Amino acid sequence: MGMSPTSRRARVRALTGLSALTLAAAGFAAAPAAQADQPGSEFAGQSHPYRHGVVPTKEASKTASAQRTSNLHFGGGVDGIGVTTGAPKVYVIFWGSQWGTAGTDANGYTTLTGDPSGEAVRAQQLYKGLGTNNETWSGVMTQYCEGVAKGATSCGSTAAHVGYPTGGALAGVWVDTSAAAPGQATGNQIANEAIKAAGHFGNTTAASNRNAQYVVLSPTGTHPDGFNTSTGNFCAWHDWNGDTTLTGGAATSPYGDVAFSNDPYVTDMGTSCGQNYVNSGNAGLLDGVTMVFGHEYSETVTDQNPAGGWTDSTGYENADKCAWKGVGGVGGSQNVTFATGSFAMQGTWSNDVSGCQISHAIVP
């Protein structure tokens, strides 16, 4: 992730298909292999401290076993916010007229004529599927909490834990074609689009945004924050509107703090952002989409206003520490089955076992 060791980020990675494995765990399928990720060393020489939970491209990532040897600790909260304590709500924004004309498929998902890879429907299926089918991928995140001492590495039974997205996390979809999305949006512009979306969805109070995250999806061919350029070797990142290090400065919100992610058109970077990482052929075309989007979702709920939530001593978030870990097993990338389909997902860090897990009992 191209920042100093003090920056915090997370990453998922990207690679091409490897050999398939058979997983003996219910609800999961197999996949190929991968590696790891770290915040602060990935893009040496660059300084983008706002790119929290950044998912580096395969070429930019560096394998470092040290990142998987230490547990996460609580950051004490930023603006009184550490983690998403209620049921997580995901609002998806398709930003820009480049997305084309909207329609609806037989399952009620929004379709777009300017979406050659079909990322729009896949993203909606993913977020709608979270918290269904008794899935325990989300359970890994529920072990984390807020309301404990800064620096704590565990949570008591009375602490407010990360919420489970019972029945699905997808809370709204908006196709904002009021203008073209910028060719190279700044961090500030992305944050402002998220704030605009909060108003669109009627989330006009701090309370209504407390457990919400806004996924700003840019259209194919655009380069938000330098995505898919020689200096933007990443696949996605997340932050909150009040981060003063955002390019263009912090974005003013009249609706309280707004958590958002910069999710570019991932398939524009092919295998560099995960295509065929788990599944081969056409079945793996959107592997990177669900791995990258899942990466940012998991880091937002555990570190909603970075870095007031959970990071390790080097600044890595929960998904960073398990990115590119490999395929299959207890914590590697693999297919996870929700009520809405099977999705390539990566494992995330679990302090309970001091390692990566793809499944964990849900903490009430």
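**Notebook: confidence, rings and one loop**

I began with confidence: the chain of this predicted model averages a pLDDT of 86 (the predictor's confidence in each residue, from 0 to 100), and 84% of the residues score at least 70. Local features need pLDDT of at least 70, side-chain atom pairs count only at pLDDT 80 or more, and totals for chains, interfaces and linings use all residues. I number residues from 1 along each chain as its sequence is written, and side-chain values use heavy atoms, with hydrogens and water left out.

I looked up the weak stretch next. Residues 1-46 stay under a pLDDT of 50. Where pLDDT is low, the predicted coordinates should not be read in detail.

Then I turned to the rings. I found 11 aromatic pairs (rings of Phe, Tyr and Trp, the last by its six-membered ring, with centres within 6.5 Å; planes under 30 degrees apart are stacked, over 60 edge-to-face, the rest tilted). Tyr-277 and Trp-324 have ring centres 4.7 Å apart and planes at 65°, so I noted them as edge-to-face. Tyr-277 is in the loop between β11 and α4, Trp-324 in the loop between β12 and β13, so the pair ties together parts 47 residues apart in sequence. (Helices are DSSP runs of H or I, at least four residues; strands are runs of E, at least two; both are numbered from the N terminus.)

Are these two rings' residues buried or exposed? Tyr-277 is buried at 0% relative accessible area, and Trp-324 is buried at 1% (buried is under 20%, exposed over 50%, partly exposed in between, with a 1.4 Å probe and protein chains only).

Last, I checked Asn-276, in the loop between β11 and α4. Asn-276 counts as buried, at 13%.

Note on methods
Contact = heavy atoms within 4.5 Å.
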